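Dear colleague,

I am passing on the structure we spoke of, placed just below, and would be glad if you could read the notes after it with the model open beside them.

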Amino acid sequence: MIRRLIFVSILLLCCSVLRAQKHVISKPVNGTKPKQISPDLFGIFFEDLSYAADGGLYAELVQNRSFEYNPADNANWNPLTAWKYQTDGFGYGTISVESATPVYPNNPHYIMLNVEDEGQKGVGLENSGFDGIPVKAGKSYRFSVFLNVMSAQSLPVSVALVDRKGKELGSSAFAAAGKGWKKYTEQINVNFDNDSAKLVLLVKSKGKVGIDMVSLFPTETFKNRENGMRADLAQVVANLKPKFMRFPGGCLTHGDGVANIYRWKNTIGPVEQRVDQRNIWNYHQSVGLGYFEYFQFCEDIGAKPVPVLAAGVSCQNSGGTWKIGSTGQKGIPMDEMKAYVQDVLDLIEYANGPATSAWGAKRAAAGHPASFNLEYLGIGNEDKITGLFEERFRMIYDAVHKAHPEIKIIGTVGPSPNGEDFDKGWKLADQLAVGIVDEHYYEKPQWFLKNTTRYDAYNRQRSKVYIGEYASWGNKLFNALCEAVYMINLERNGDVVKMASYAPLIARIGHTSWNPNLIYFNGTHVFPTVNYYVQQQFTANAGREYLPGVIKLKGNKAVNDTTAGVSCVRDAATGDIILKIANAGNASLSGTADLTRVGILPDSATLTTITGDIQAENNVSTPEAILPKSSVISLQKNWSFAVPAYSLSVVRINTGGAGQTK
């Protein structure tokens, strides 16, 4: 009720203005000139932490499908984690984890099942998925498995989805025969809804068989990709309309020690040939969501790909050394750096090279002969700026810059908005004339309000800035509004701030490695935060041109007031004018907007408002506590407005493409 009353009051305040006659563009207000700002200002950052990939965006429903879990991933894990030996039908036999003759050496472990007596139902394996396997009535699921039948006779095999009590939800059956690994695929049609099903694979006669790469996907993935993304979660990400996506990390990129550095070549090709590895966030990554899928997903959501590669060094916190001063940074041996630099160059060829090139051919073989149009490449992630780092970064930077001057290289300036690594990183960037540097900061909400002028004095002749990771330590409305005020000032400085992305993006409830996140989810539902809806207003209402001086706040409030922010931008594609008014203060704001600069002024515009109780947040209990509300408002040449305390208001004016300035 309170939110409804606030919303009604906004409408009354904003709709009280009179309709005006349409008019044409005039000279800039007070002699101010439009400023070109980055077309890629607001995007997203995906890192595989908090089960963001396996058990998250990646639609695979079987956990530990290739039996590669081990105690190095998690002290309580082993190759049979998430699996159960199934003998419910009074059959018996033996089961073992072996590695003598795998499907592919990169994934050495597999199950050897010896059925001595099949009993009434058969003997086999049961997988519990990620907190259960969610299935829906009327939907189909694509099952696949690699089997190596050691027996002379063929073996009848059944695969079923069952509920916790064993009730069958859907099933299929097939015969397996012949020595040597063969892939079998089946479709399972489900007849009942269930959010915690199990997958049961049974061999129904005496015999011996190797089992590996047990997989189950919904047939309906995002854009119906075969090795694709979870449709509902991917759509929520796509609805942000991000200009770019940074991936796959983050700390994941430079890894927990040199051996754990993320190697992109290990993540492409048939999934059974990829190299599983430990995740720095203390779980496992199947890399089913690999570099091809990342590039494909970026293309599917209209975002430019921004891959990040390690700068030849591991995370300075490797081995948990953040507890003793972050002394864990190690470097790839110098005699191996030439090969590592070539890996970096090969990635560019994989993304952009012709289908006739060595690595472009691998992209084409995966189903994408056209270029992925790679424009940006990150080297390093909030690294400690040491001599070890600098030597290797220079090698990579020089090689990429020489071979591919068209690629915009993004350097790193440490994990904080100031300090020793920040200063050293900027010094190195100046020496090399690095085009863009990556700043990171996770701070209290008040920090964002106190630093709205951070980029005003940045030298426009130095490196541009990518704010690769930032957040205000919370998911309440107040956090989101403080971020909104800050983002408005990023728009104002969009000539030096090239890109910005909130972090982290998504997290599975019950498995969070980091808080806060932009989107939370479980097996069946997705929960966008208030921060998500604020980010969405900026990504969906981005501009290419900043128009200063259009909005004036009353009460001697400056544009860079610590609790308020206003901006006016023009969308280059449509010509639309977008006004943003963010108020993180406890009092309402009023002011005027001189709309003589928008071209032909329509009678009305769309107003979207986010407001409510500052302590409110969207979560499992109250998933829609704060939502954007949209309405149509009247306009006039000198538009008067009033917005409530603790609110973000976005006005989009459709000019029909008129009035664009050059």
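What follows goes through the pockets and cavities, then some helices and strands, and lastly the cysteines.

Please keep in mind throughout that this is a predicted model, and that every value quoted here was computed from it.

I would start with the largest pocket, which holds about 940 Å³ of space and is lined by 38 residues, with G269, P270, V271, R274 and E293 lying nearest its centre. By class, that lining divides into 16 nonpolar, 11 polar and 11 charged residues. Several elements contribute to the wall, for β8 (140-149), β11 (182-189), β13 (207-218), α5 and α7 (358-365) each supply at least two lining residues. Which of them gives the largest share of the lining of the largest pocket? That share, five residues, comes from α5.

Helix α5 therefore deserves a closer look, and it spans residues 291-301, of which 10 of 11 are buried, so that the helix is largely enclosed by the rest of the structure. The buried residues are Y291, F292, E293, Y294, F295, Q296, F297, C298, D300 and I301. One of them, E293, is also among the residues nearest the centre of the largest pocket. Just after the helix, G302 takes a positive phi of about 75 degrees.

Strand β13, another contributor to the pocket lining, is mostly covered as well, with 11 of its 12 residues buried. Two antiparallel pairings involve this strand: five bridges join β13 to strand β5 (residues 110-117), and eight bridges join β13 to β8. In the pairing with β5, I111 has I211 of β13 as its bridge partner, while F146 stands opposite D212 in β13. As background, strands of a sheet pair through backbone hydrogen bonds, either parallel or antiparallel.

Turning from the open pocket to enclosed space, the structure holds seven cavities of 30 Å³ or more. The largest cavity contains about 80 Å³ of space, and the residues that line this cavity are D54, E60, V62, N64, R65, S66, Y69, F130, D276, H284 and S286. Sorted by class, this lining has three nonpolar, four polar and four charged residues.

Elsewhere along the chain, there is an open sheet of three strands in the order β27-β30-β33, with antiparallel pairing. Its edge strands are β27 (551-553) and β33 (638-643), each of which pairs on one side only, and the twist averages 25 degrees from one strand to the next. Within this sheet, β27 and β30 (residues 589-594) are paired over three bridges in the antiparallel sense, and K552 has T592 in β30 as its bridge partner.

Finally, a word on the cysteines: how many disulfides does the structure hold? There are zero. For C298 the reason can be read from the distances, because its sulfur is 20 Å from the closest cysteine sulfur, that of C251, which is too far for a bond, whereas a disulfide requires two cysteine sulfur atoms within 2.5 Å. C298 is also buried, since its relative accessible area is 0%, and the cut-off for that class is under 20%. C482 is likewise buried, with a relative accessible area of 0%.

With best regards

How values were computed:
Residues are numbered from 1 along each chain as its sequence is written. This is a predicted model: local features need pLDDT of at least 70, side-chain atom pairs count only at pLDDT 80 or more; totals for chains, interfaces and linings use all residues. Side-chain values use heavy atoms; hydrogens and water are left out. Buried means under 20% relative accessible area, exposed over 50%, partly exposed in between (1.4 Å probe, protein chains only). Helices (H or I, at least four residues) and strands (E, at least two) are DSSP runs, numbered from the N terminus. Two strands pair if DSSP finds at least two bridges between them. Axes are lines fitted to C-alpha atoms, for helices over the stretch in contact, and angles run from 0 to 180 degrees between N-to-C directions. On a 1 Å grid over the protein atoms alone, a cavity is a set of points where a 1.4 Å probe fits but cannot get out, and a pocket is an open set with protein on both sides within 12 Å along at least five of seven lines; lining residues have an atom within 4 Å of a point. Grid points are joined across faces, edges and corners, and a volume is the space filled by probe spheres set on the points. Ala, Val, Leu, Ile, Met, Phe, Trp, Tyr, Cys and Pro count as nonpolar, Asp, Glu, Lys and Arg as charged, and the others, Gly among them, as polar.
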